[in-house]
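Welcome to this tour. Open your viewer, get the selection tool ready, and follow along stop by stop.

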Amino acid sequence: MIRADPMLTMTTRRAVLGRATLLLGAAGGLLLASRLPAAAQAQGSQADIAFVRSVAGQITSILNAPGSLADKRAKILPLIDQNVDVNGIGRFCLGRYWRQATPEQQQQFLDLFHHVLLNSITDRLGEYKGVKVTVGTATPHGPDESAVSSIISRPGQPPTNVDWVIHDVNGQPKVADMIGEGVSLSITQRGDYSSYLQRNGNSIDRLLAAMRRQLSARAS
Amino acid sequence: MPWRRAAALSALAGVALSGCAKPPPDPDALADFKATNDPLEPTNRFFFSVNNTLDRYTLKPVAQGYVAVVPQPVRDGIHHVLGNMASPTLLADDVLAGKPRRAGTTFVRFVINSTVGVAGIFDVAKHLGYPAHEGDGGLTLASWGVPTGPYLYLPLVGPSSPRAATGFGMDIALSPLNYVPRGYGLLTLNWGLYGGGIIDTRAQLLDQLDEIYRDALDPYATIRSLYRQHTASEVEAIRQDHRMTTPDWYTQ
């Protein structure tokens, strides 16, 4: 995954917008605006920004409310199922081993992976009260994804830059990755799994067992 | 003696070259092997476990004690002083990376923070529109197009690469404190800064490293991936830095 070049995209977008304005003038009709790719893209990125703002807002309001951490995690889990492309990220993280896994192994992996993602995301947002997410702008990220920037501030810690990578699954926007200070959650997770598998005889059952151990150690 | 430290490090790196991993025969596994670019993995893992043991019994408890005893504002002040003392080296790195505007920011930050910021305790410059930025010898070499090379995990230093290790040596050579005539006062200051820098860095990483050990199945591979990605993004940040010489409030 290569990060979108913000300066370049700014310039191209400005150029596209400039051309769009000229075209508009020539056509003399505002109706054209909605059909232009630039305008459509701008609308799409507005929708992505709104989506990230809503997801981040829901998660932070749960984290900032009173209650035990276990309760909060139970409340966040359905939000992740609903708004994060868990299956897509899971397949990416298993890499070439996804094809080697039996359908049962794939299903077990995805079930465990839901909880792994919950941990990763709450780790990144922090499990403390007082977390605040400021959502910034959207830039294209690859052919059909966009990256929405945000700044996460937690009390007593320096603010971190986190980009939310968004793509559409069946017409619904979903979080496809989180990139914190240039570090991608899914690429890191993929490296962890592939290294573990290589050192454990490429056995997917051993990976599943290790994931179970890790999750139960964390839950206790 | 920083020079002697660097010499010892390069000697150890030479020893490390003897423990190589064999490329796997399977094409998919070979692609992974090449992407990971960690031919010294067995040696690296050995130093990783040595460092972890040392860390568990020495550095981590010290960093935890430091966080428990010293209040956050004081720790912030110490962090700023250490950063300010490293400014001359950063300035040289900015210049060598061919980024005069970054160098200008570093210079202005040093002047403002050393004076108004009371010897660097307060980061006044940040609030005046001159925020801090990352830079070191390794990143400077990267800006010249030097490739990162295979992954190295060095004893005491941690995740590195031939490029970063060379840059580390450059930074020691560029540090003006190493050229002032020797005396006990300076020697103490130099060691104090060095030790303070290590504790400050470890304290900043307490939560992050705990999270890695809690969540990762293979912490070595996870740290390798994090280090690589983070370095790549820092290199990209330098490459994309086309900042204006004047702060934001001046042009707006």
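Two strands count as paired when DSSP finds at least two bridges between them. Keep that in mind for the hairpin we will visit shortly; also keep in mind that this is a predicted model.

**Stop 1: chain A as a whole**

Select chain A and show it as a cartoon. Eight helices and five strands make up this chain. Walking along the sequence, you meet them in the pattern α-α-α-α-α-α-β-β-β-β-β-α-α. Chain A has 220 residues, and 28% of them count as buried. How many of the contacts between residues at least 6 apart in sequence join residues at least 24 apart? In chain A the share is 54%.

**Stop 2: the sheet**

Now keep just the strands of chain A in view. They form an open sheet of five strands in the order S1-S2-S3-S4-S5, with antiparallel pairing. Which strands lie at the edges? They are S1 and strand S5 (183-184) of chain A, each of which pairs on one side only. In general, the strands of a sheet pair through backbone hydrogen bonds, either parallel or antiparallel.

**Stop 3: the hairpin**

Zoom in on residues 132-141 of chain A, which are strand S1, and residues 145-153, which are strand S2. Eight bridges link this antiparallel pair. Three residues separate S1(A) from S2(A), and the two strands form a hairpin. Click on Gly142(A) in the turn: its phi is positive, at about 75 degrees. Then look at two of the bridges. Pro140(A) has Ser146(A) as its bridge partner in S2(A), while His141(A) is partnered by Glu145(A).

**Stop 4: where the chains meet**

Bring chain B back into view. Here 21 residues of chain B are in contact with 25 residues of chain A. Colour helix H2 (27-36), helix H11 (206-215) and helix H12 (219-239) of chain B: each supplies at least two residues of the side that touches chain A. Which helix gives the most? H12(B) does, with nine residues. Colouring that side of chain B by class would show six nonpolar, eight polar and seven charged residues.

**Stop 5: two helices crossing between chains**

Select helix H7 (residues 185-199) of chain A together with H12(B). Their axes come within 8 Å and cross at roughly 145 degrees, and the crossing of H7(A) and H12(B) is right-handed. To see the contact, show Ile187(A), Thr188(A), Gly191(A), Asp192(A) and Ser195(A) from H7(A), then Ala221(B), Thr222(B), Ser225(B), Leu226(B) and Gln229(B) from H12(B). By class, this contact has three nonpolar, six polar and one charged residues.

**Stop 6: two more helices of chain B**

Select residues 162-174 of chain B, which are helix H9. At 1.5 Å a residue, its 13 residues should span 18 Å, and the end C-alpha atoms are indeed 18 Å apart. The buried residues of H9(B) are Arg163(B), Ala164(B), Ala165(B), Gly167(B), Phe168(B), Asp171(B) and Leu174(B).

Finish at Pro100(B), in helix H6 (residues 100-115) of chain B. Is Pro100(B) buried or exposed? Pro100(B) counts as exposed because it has 12 C-beta neighbours inside 10 Å, and 12 or fewer is the cut-off for exposed. Now add Arg243(B) to the selection: Pro100(B) and Arg243(B) are 143 residues apart in sequence, and their C-alpha atoms are 9.8 Å apart in space.

Key
Residues numbered from 1 in each chain as written. Chains lettered and ligands numbered in written order. Predicted model: local features only at pLDDT ≥ 70, side-chain atom pairs only at ≥ 80, totals over all residues. Helix = DSSP H or I, 4+ residues; strand = E, 2+ residues; numbered from the N terminus. Expected span 1.5 Å × (residues − 1). Buried ≥ 20, exposed ≤ 12 C-beta atoms within 10 Å, placed from the backbone. Contact = placed C-beta atoms within 7 Å. Nonpolar A, V, L, I, M, F, W, Y, C, P; charged D, E, K, R; others polar. Axes fitted to C-alpha atoms, helices over the stretch in contact; angles between N-to-C directions. Left-handed = near helix turned anticlockwise from the far one by under 90°.
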